[in-house]
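Me: I would like a close look at a single part of this model, set in the context of the whole chain. Please take it slowly and explain the terms as you go.

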Amino acid sequence: MSINDSILNSVGLTNKNIKFLISDNGDLNEWVTLNHDQHQVLRYCTTLMTAPEHCSQCGFLLSGHFYLVGTDTASYKLPTANGYQQILLLTKQRYQCLRCKNTFIPQSKDFMPDSTISRPLVHQIIDLARRDIPEKDIADILHL
Ligand SMILES: [Zn+2]
């Protein structure tokens, strides 16, 4: 098992196309302080650059028939570890279909559309909710 796969397992993600970036000094993650309440967060920097097979709008088989039109970066909340919030900074390649000119970013089932909460974190929320823990306490525990 690669180091990348090991980290995916430890943070609960399943998409093996998500690649963790290692800093020049060999770190896989870094501590950062969030401004709004000054709490410490463990941040991972990653990329998702896999070309989709079909255009998401017209269904055209892409297989190399696309343009690369820049990248977008999004931040997703991961499950907490040892009481600390973990964040995934994900840089995704944006593609353009040569047929319909639609631009799009490949989706991953590890994340929900239009949400910054990752699926592994949703599972953690559901697990705590099943134990009759109040919503406010769940939000405090998971830094939501
Ligand atoms: Zn298209």
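Which pattern does the protein chain follow when read along the sequence? And which residues of H2 meet which residues of H3?

Reply: This is a predicted model, in which local features need pLDDT of at least 70 and side-chain atom pairs count only at pLDDT 80 or more, while totals for chains, interfaces and linings use all residues. Residues are numbered from 1 along each chain as its sequence is written.

Read along the sequence, the pattern of the protein chain is α-β-β-β-β-β-β-α-α, with 3 helices and 6 strands (DSSP runs numbered from the N terminus, helices being H or I of at least four residues and strands E of at least two). The C-alpha atoms fill a box of roughly 50 × 40 × 35 Å along the principal axes, and of the 144 residues 17% count as buried (20 or more other C-beta atoms within 10 Å of a residue's own, C-beta atoms being placed from the backbone).

The part you ask about is formed by H2, residues 119–129, and H3, residues 135–142, whose axes come within 10 Å and cross at roughly 140 degrees (lines fitted to C-alpha atoms over the stretch in contact, with angles from 0 to 180 degrees between N-to-C directions). H2 is therefore oblique to H3, since angles under 35 degrees count as roughly parallel, over 145 as roughly antiparallel, 65 to 115 as roughly perpendicular and the rest as oblique. The crossing is right-handed (the near helix is turned clockwise from the far one by less than a right angle).

On the H2 side, Leu-121, Gln-124, Ile-125, Leu-128 and Ala-129 take part, and they meet Ile-138, Ile-141 and Leu-142 of H3 (in contact if C-beta atoms, placed from the backbone, lie within 7 Å). By class, this contact holds 7 nonpolar residues, 1 polar residue and no charged residues (Ala, Val, Leu, Ile, Met, Phe, Trp, Tyr, Cys and Pro count as nonpolar, Asp, Glu, Lys and Arg as charged, and the others, Gly among them, as polar).

Elsewhere in the chain, strand E2 (residues 30–33) runs antiparallel to strand E3 (residues 40–48) and is joined to E3 by 4 bridges (strands pair if DSSP finds at least two), and Val-32 has Val-41 as its bridge partner in E3. The hairpin of E2 and E3 has 6 residues between the strands, and in this hairpin Gln-38 takes a positive phi near 60 degrees. Asn-82, in the loop between strands E4 (66–81) and E5 (84–97), likewise has a positive phi, near 55 degrees.

Note on methods:
Contact = placed C-beta atoms within 7 Å. Buried ≥ 20, exposed ≤ 12 C-beta atoms within 10 Å, placed from the backbone.
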